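Trainee: Could we take a close look at one strand and then work outward to the parts around it? I would like the cut-offs stated as you go.

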Amino acid sequence: MTDSAPNAESLAELARCRREIERIDNELVELLAKRLALGKRTGELKRLAGLPILDPTREAAVIRRVTEVAREAGLPSEPVREVFWQIVGMSRRAQDGGRE
Amino acid sequence: MIIITRPNVSDAEIDHIRERIESVGMRTHLSRGEHRTIIGCIGDESLLHEVPLRSLPGVESVTPILKPYKLASREFAVDRTVVRVGGRDGFATFGGPTITVIAGPCSVESRGMLIETARAVRSAGATMLRGGAFKPRTSPYAFQGLGAEALRLLADVRTETGLPVVTEVMDTRQVDLVAEHADMLQVGARNMQNFALLAELGHVRRPILLKRGLSATIKELLMAAEYIMANGNHDIVLCERGIRTYETATRNTLDIAAIPVLKRETHLPVIVDPSHAGGDAGLVAPLAFAAIAAGADGLIVEVHPDPENALSDGDQSLAPPAFATMMQQLEAFAAATGRSFGLDTPSAWAVA
């Protein structure tokens, strides 16, 4: 058990951690935007090549790859898979004409 | 369709099996047990015809699930699901080694009555608080609940007593508001087949208490659970609360057989509402005893500090002393089924 009264040092550290989390969140959102932009571009390229937008084989390969990456990083792979299914879904909808 | 893997299956083999299934546009759900792992296939099973599932490395057997519910079916999970509710101020579990009793007023009438009831039921052994904020009354002229104000009172009382809170959500428009205040969201009997609401609750990160409809079959109840699960939320507790029959001596007929049938059909926890089932305070204790004896994982009981003057459902509400007596008598029934009351320890939760 820790002391119930928080000391100033740990409160300052908590604030630092929260600022760092916000910075990482900003980065994550920026990365998502970049990923979506690339997704839209691959959508255009698929259209030019006469390929279908929906490509379950590719989606399954993407999910499998990130599952392995997550496992190697010591992260629980099931929640990471869930997150990436959401991202893959966002990307698919963006390719499909930007409907969200 | 479920795939049972060989005992020594590797992560890479599981990844490969899942990739092959997902390559045809289906999704997978993994259930890991100590001795075996089940990969459940979700989606249009006709797509699987082109996948040579039985010859994939790591696959021991492939079994079709012939029932219309898949995610909710007993076959889909290696172990029974344990649903954990609450966290910040206290928590309760359903489906683990202990029996959880939810108690509280039919509807939240005031702060004073809510805190008084919460303290009384907690000291009697209840580990969760119920209280209606939005009340689906049969008559439009009856008391409809305090709404958002009641949600705030419930959250306050949770902080004061440590009892996680369950309350009903009636409409898709209320889901965010209720999820913000309550630890568990209840779907009432009249909304069991409100598929828009069920789908919305699939996206919520809160456990759901799903009550059986007045005229719903067990299959329909499980299909309603499947609806929530298919949309992403797997934390569901089912509740038998009596069904409509030709009998008029009781408000509803408690379907005791539904408990063992559900236990056979699904991995989800099952609790019983003896208050609505009988509609009579005098029937609550005997129906509760029967429910626990039949293997229910918990109870949800209406308790009011002054049932005579309750704004709703006074006839079926227990006063706190009667509730405390019932809780004492229940211990013998719980012990007879190898269960006990109270909070699961964190370690019990981890292995359950």
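Trainee: In which sense, parallel or antiparallel, do β7(B) and strand β14 (residues 298–302) of chain B pair, and over how many bridges?

Mentor: They pair in the parallel sense, over 5 bridges. Before the details, please keep in mind that this is a predicted model, in which local features need a pLDDT of at least 70 and side-chain atom pairs count only at pLDDT 80 or more, whereas totals for chains, interfaces and linings use all residues. Residues are numbered from 1 along each chain as its sequence is written, while chains are lettered from A and ligands numbered from 1 in the order in which they are written.

Two strands are said to pair if DSSP finds at least two bridges between them, and the elements themselves are DSSP runs numbered from the N terminus, with helices being H or I of at least four residues and strands being E of at least two. Within the pairing of β7(B) with β14(B), B:T100 is placed opposite B:G298, and B:G104 is placed opposite B:E302. Strand β7(B) also pairs with strand β8 (residues 128–130) of chain B, in the parallel sense and over 2 bridges, where B:I102 faces B:M128. A further parallel pairing over 2 bridges links β7(B) to strand β15 (residues 340–341) of chain B, and there B:I99 stands opposite B:F341. Between β7(B) and β8(B) comes helix α2 (residues 111–124) of chain B, with which the two strands make a right-handed β-α-β unit; right-handed here says that, with the strands pointing away from the viewer, the path from the first strand over the helix to the second runs clockwise.

The surroundings of β7(B) can be described by burial, where a residue is buried if 20 or more other C-beta atoms lie within 10 Å of its own, exposed if 12 or fewer do, and partly exposed in between, with C-beta atoms placed from the backbone. In strand β7 (residues 98–104) of chain B, 7 of the 7 residues are buried, so the strand is largely enclosed by the rest of the structure. From β7(B), B:T98, B:T100, B:I102 and B:G104 point one way, while B:I99, B:V101 and B:A103 point the other way, and all are buried.

Its partner β14(B) can be read in a similar manner: 5 of the 5 residues are buried, so β14(B) is largely enclosed by the rest of the structure. Both faces of β14(B) are covered, with B:G298, B:I300 and B:E302 buried on one side and B:L299 and B:V301 buried on the other. Strand β13 (residues 270–272) of chain B pairs with β14(B) as well, in the parallel sense over 2 bridges, and B:V272 stands opposite B:L299.

Moving outward, chain B is divided into domain 1 (2–64) and domain 2 (83–351), bounds that come from an automatic or database domain assignment. The C-alpha centres of these two domains of chain B lie 36 Å apart.

There is also an open sheet of 4 strands in chain B, with the order β2-β3-β1-β4 and antiparallel pairing. In that sheet β2 (27–32) and β4 (59–63) of chain B stand at the edges, each with a single partner strand, so one side of each is left without a neighbour in the sheet. Strand β1 (residues 2–5) of chain B is joined to β4(B) by 4 bridges, the two running antiparallel, and B:T5 is found opposite B:V59 in β4(B).

Two loop residues of chain B complete the picture. B:L66 is placed in the loop between β4 and β5 (83–86) of chain B, and B:L66 counts as exposed, with 7 C-beta neighbours inside 10 Å. B:G202, in the loop between α5 (195–201) and β11 (208–211) of chain B, is partly exposed, with 17 other C-beta atoms within 10 Å. From C-alpha to C-alpha, B:G202 and B:M229 are 6.0 Å apart in space although 27 residues apart in sequence. Leaving aside residues up to four places away in sequence, B:G202 touches B:I228, B:A230, B:N231, B:G232 and B:N233, where two residues are in contact if their C-beta atoms, placed from the backbone, lie within 7 Å.
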